[in-house]
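Biologist: I have just opened this one and could use a guided look. Could you walk me through it, starting wherever you like?

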Amino acid sequence: MKTAVVYFSGTGNTAKMAEAVLTGAQSVAGIDAEIHAIEGKDIVEGRFTNEALLASLDAADAIIFGSPTYMGGPAAQFKAFADATASRWFGQGWKDKLAAGFTVSNSPSGDKLGTLQYFQILAAQHGMLWVTLGLLPNIEPPGLNRLGSFGGAMGQAGQLELSDLDKATGRVLGERVASVALKLKA
Ligand SMILES: Cc1cc2nc3c(=O)[nH]c(=O)nc-3n(C[C@H](O)[C@H](O)[C@H](O)COP(=O)(O)O)c2cc1C
């Protein structure tokens with residue numbers, strides 16, 4: 001069973017969250033987990049061109065999407081990647097794969113929900129099965145899911161460093177997706 005994390009990060013904060021999600025997925029026995037960064041050089045004249053990355057995702061049972069929240073939604077680089085997945089949409093090649101997502105932004109809210117909801121729509125267009133975070137909010141004292149998200153994992157960073165709590169929340173997401181993948185296989 002293969003779980004893939006695919007993300008864009010401009011200044012490295014979402015990359016840290018992505019590594020945490022990967023660590024969570026890797027902690028599940030029987031799961032082969034891999035990580036892919038969307039890079040600016042993959043985008044030529046506005047179009048995402050890294051076919052090898054898309055081919056790796058074709059072979060995954062679960063895909064976890066990650067992007068910083070920029071202007072209330074996913075970064076343009078992630079959107080270029082998402083648009084390129086239309087090549088898989090025509091034949092519904094990713095149907096019944098698991099999907100999940102995470103985002104990082106500077107403000108406690110910062111409209112991160114807009115990014116997670118975009119990921120959910122992307123997954124739905126592909127006929128994928130969305131896996132939620134599955135954690136109750138733990139706000140006082142601050143704990144896992146301190147930002148109180150249900151649809152996916154959220155992290156706050158920019159003026160602040162990404163906290164260990166947010167990284168731990170990311171690990172929970174990765175572990176949950178990998179565990180659900182194994183349950184479905186069984
Ligand atoms: C173009 C741009 C737009 C941004 N828009 C938002 C936003 O809507 N909400 C927010 O809280 N932070 C916003 N930020 C801050 C980033 O989300 C934050 O710095 C994040 O940690 C960046 O992640 P990265 O290091 O993975 O690129 C924005 C930053 C940039 C560069």
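Modeller: Let me start with a pair of helices: α1 passes α6 in a right-handed crossing, a crossing being right-handed if the near helix is turned clockwise from the far one by less than a right angle, and left-handed if anticlockwise. Please keep in mind that this is a predicted model, in which local features need pLDDT of at least 70 and side-chain atom pairs count only at pLDDT 80 or more, while totals for chains, interfaces and linings use all residues. Residues are numbered from 1 along each chain as its sequence is written, and side-chain values use heavy atoms, with hydrogens and water left out.

Biologist: Which residues make up α1 and α6, and at what angle do they pack?

Modeller: Helix α1 covers residues 13–26 and helix α6 covers residues 164–185, and they pack at an angle of about 40 degrees with their axes 6 Å apart. That makes α1 oblique to α6, since angles under 35 degrees count as roughly parallel, over 145 as roughly antiparallel, 65 to 115 as roughly perpendicular and the rest as oblique. The axes are lines fitted to C-alpha atoms, for helices over the stretch in contact, and the angles run from 0 to 180 degrees between N-to-C directions. Helices (H or I, at least four residues) and strands (E, at least two) are DSSP runs, numbered from the N terminus.

Biologist: And which residues of α1 meet α6?

Modeller: From α1 there are Met17, Ala20, Val21, Thr23, Gly24 and Ala25, and they meet Asp166, Lys167, Gly170, Arg171, Gly174, Glu175 and Ala178 in α6, where contact means heavy atoms within 4.5 Å. The residues of this contact between α1 and α6 divide into five nonpolar, four polar and four charged; Ala, Val, Leu, Ile, Met, Phe, Trp, Tyr, Cys and Pro count as nonpolar, Asp, Glu, Lys and Arg as charged, and the others, Gly among them, as polar.

Biologist: What about Asn13 in α1, is that buried or exposed?

Modeller: Asn13 is found in helix α1, and at 15% relative accessibility it counts as buried, a word used for under 20% relative accessible area, with exposed for over 50% and partly exposed in between (1.4 Å probe, protein chains only). Leaving aside neighbours within four places in sequence, Asn13 is in contact with Val104, Ala157, Gly158 and Leu162.

Biologist: Switching helices: how do α3 and α5 pack?

Modeller: Helix α3 (residues 76–84) and helix α5 (residues 112–125) pack at an angle of about 10 degrees, with their axes 11 Å apart, and they are therefore roughly parallel to each other. Phe78, Lys79 and Ala82 of α3 make the contact with Tyr118, Phe119 and Leu122 of α5, a set that divides into five nonpolar, no polar and one charged.

Biologist: What does Ala82 touch?

Modeller: Not counting residues up to four places away in sequence, Ala82 touches Tyr118 and Leu122, and at 6% relative accessibility Ala82 counts as buried.

Biologist: Now the strands. Where is Ser105, and which side chain does it join in a polar contact?

Modeller: Ser105 is found in strand β7, residues 98–105, and a polar contact of 3.1 Å joins the side chains of Ser105 and Lys112. A polar contact is a pair of N or O atoms within 3.5 Å; within protein, one must be able to donate a hydrogen and the other to accept it, and residues adjacent in sequence count only if both atoms are side-chain atoms. At 6% relative accessibility, Ser105 counts as buried.

Biologist: And Glu34, buried or exposed?

Modeller: Glu34, which lies in strand β2 (residues 32–37), is buried, with a relative accessible area of 18%. The side chains of Glu34 and His36 are joined by a polar contact of 2.7 Å.

Biologist: Which backbone spots should I look at?

Modeller: Most residues other than glycine have a negative phi, and most peptide bonds are trans. Against that background, a cis peptide bond joins Glu140 and Pro141, with omega about -5 degrees, and Pro141 lies in the loop between β8 (129–130) and β9 (153–156). Glu45 has a positive phi of about 50 degrees although it is not a glycine; Glu45 lies in the loop between β3 (43–44) and β4 (47–48) and is exposed, with a relative accessible area of 80%.
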